[in-house]
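Thanks for asking me to look this one over. Here are my notes, set out point by point so that you can follow along with the model open.

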Amino acid sequence: MPIDTQDPRTAHAALSADETCALVDVRTVEEFERGHPAGAVNVPWALAGDFGMEPNPAFVAEMERRFDK
């Protein structure tokens with residue numbers, strides 16, 4: 001799956017110009033709570049498991065629940 005990335009200035013411009021844009025922070029809840037950009041939404045890509053970080057099995061479902069395709 002291709003991942004679209006933006007440099008900070010381009011991302012800021014898109015977020016400012018289009019109210020349908022969202023900044024999704026995929027870090028852990030703990031990392032997110034230590035600090036994040038205003039308006040960011042936290043959907044962790046990975047969660048702490050018994051053997052370290054493991055992919056979040058609910059990531060896609062949570063993204064689909066929160067955002068239109």
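The points below go from the whole chain to a pocket and then to single residues.

1. A word on the source: please keep in mind that this is a predicted model. The values below are computed from it, and they are best read with that in view.

2. Let us start with the fold. The protein has 3 helices and 4 strands, and from the N terminus on these elements follow the order α-β-α-β-β-β-α. The C-alpha trace spans about 40 × 30 × 20 Å along its principal axes.

3. Next, burial and surface. The protein has 69 residues, and 16% of them count as buried. About 5,900 Å² is exposed, with 57% of that area supplied by carbon and sulfur atoms. Among contacts with a separation of 6 or more, 14% come from residues 24 or more positions apart.

4. On charge, the protein carries 6 positive and 13 negative charges. How far apart are the mean positions of the positive and negative charges? They are 3 Å apart.

5. The largest pocket deserves a look on your screen. Its volume is about 920 Å³, and 21 residues line it. Nearest its centre lie Asp4, Ala22, Val24, Met63 and Phe67. Which element gives the most to the lining of this pocket? That is helix H3, residues 59–66, with 4 residues.

6. Now to Leu15, which sits in helix H1 (residues 8–17). Leu15 is partly exposed, since its relative accessible area is 33%, and the partly exposed class runs between the 20% and 50% limits. Setting aside neighbours within four places in sequence, Leu15 is in contact with Cys21, Ala22 and Leu23. Of these, Ala22 was named above as one of the residues nearest the pocket centre. Leu15 and Gly39 are 24 residues apart in sequence, with 9.8 Å between their C-alpha atoms.

7. Thr20 and Thr28 make a handy pair to view together. Is Thr20 buried or exposed? Thr20, in the loop between H1 and E1, has a relative accessible area of 65%; the cut-off for exposed is over 50%, so Thr20 is exposed. Thr28 lies in the loop between strand E1 (24–25) and helix H2 (29–34). With a relative accessible area of 15%, Thr28 falls under the 20% cut-off and is therefore buried. Beyond residues up to four places away in sequence, Thr28 touches Asn42, Pro44, Ala46 and Met53.

8. Thr20 also has a partner to check across the chain. Thr20 and Phe67 are 47 residues apart in sequence, while their C-alpha atoms are 9.3 Å apart in space. Phe67 is one of the residues nearest the centre of the largest pocket.

9. Last comes Val41, in strand E2 (residues 41–42). Which residues does Val41 touch, not counting those up to four places away in sequence? They are Leu23, Val24, Asp25, Phe32, Arg66 and Phe67. Val24 and Phe67 also belong to the group nearest the pocket centre. By contrast, no touch is listed here for Ala61: the C-alpha atoms of Val41 and Ala61 are separated by 15 Å, with their positions 20 residues apart along the chain.

Definitions and conventions: Residues numbered from 1 in each chain as written. Predicted model: local features only at pLDDT ≥ 70, side-chain atom pairs only at ≥ 80, totals over all residues. Heavy atoms only, no water. Helix = DSSP H or I, 4+ residues; strand = E, 2+ residues; numbered from the N terminus. Buried < 20%, exposed > 50% of the residue type's maximum accessible area, 1.4 Å probe, protein only. Contact = heavy atoms within 4.5 Å. Areas by Shrake-Rupley, 256 points an atom, 1.4 Å probe, with all protein chains shown as cover. Lys, Arg positive; Asp, Glu negative; His and termini not counted. Charge placed at Lys NZ, Arg CZ, Asp CG, Glu CD. 1 Å grid on protein atoms, 1.4 Å probe; cavity = no way out; pocket = protein on both sides within 12 Å on 5 of 7 lines; lining within 4 Å. Points joined across faces, edges and corners; volume = space filled by probe spheres on them.
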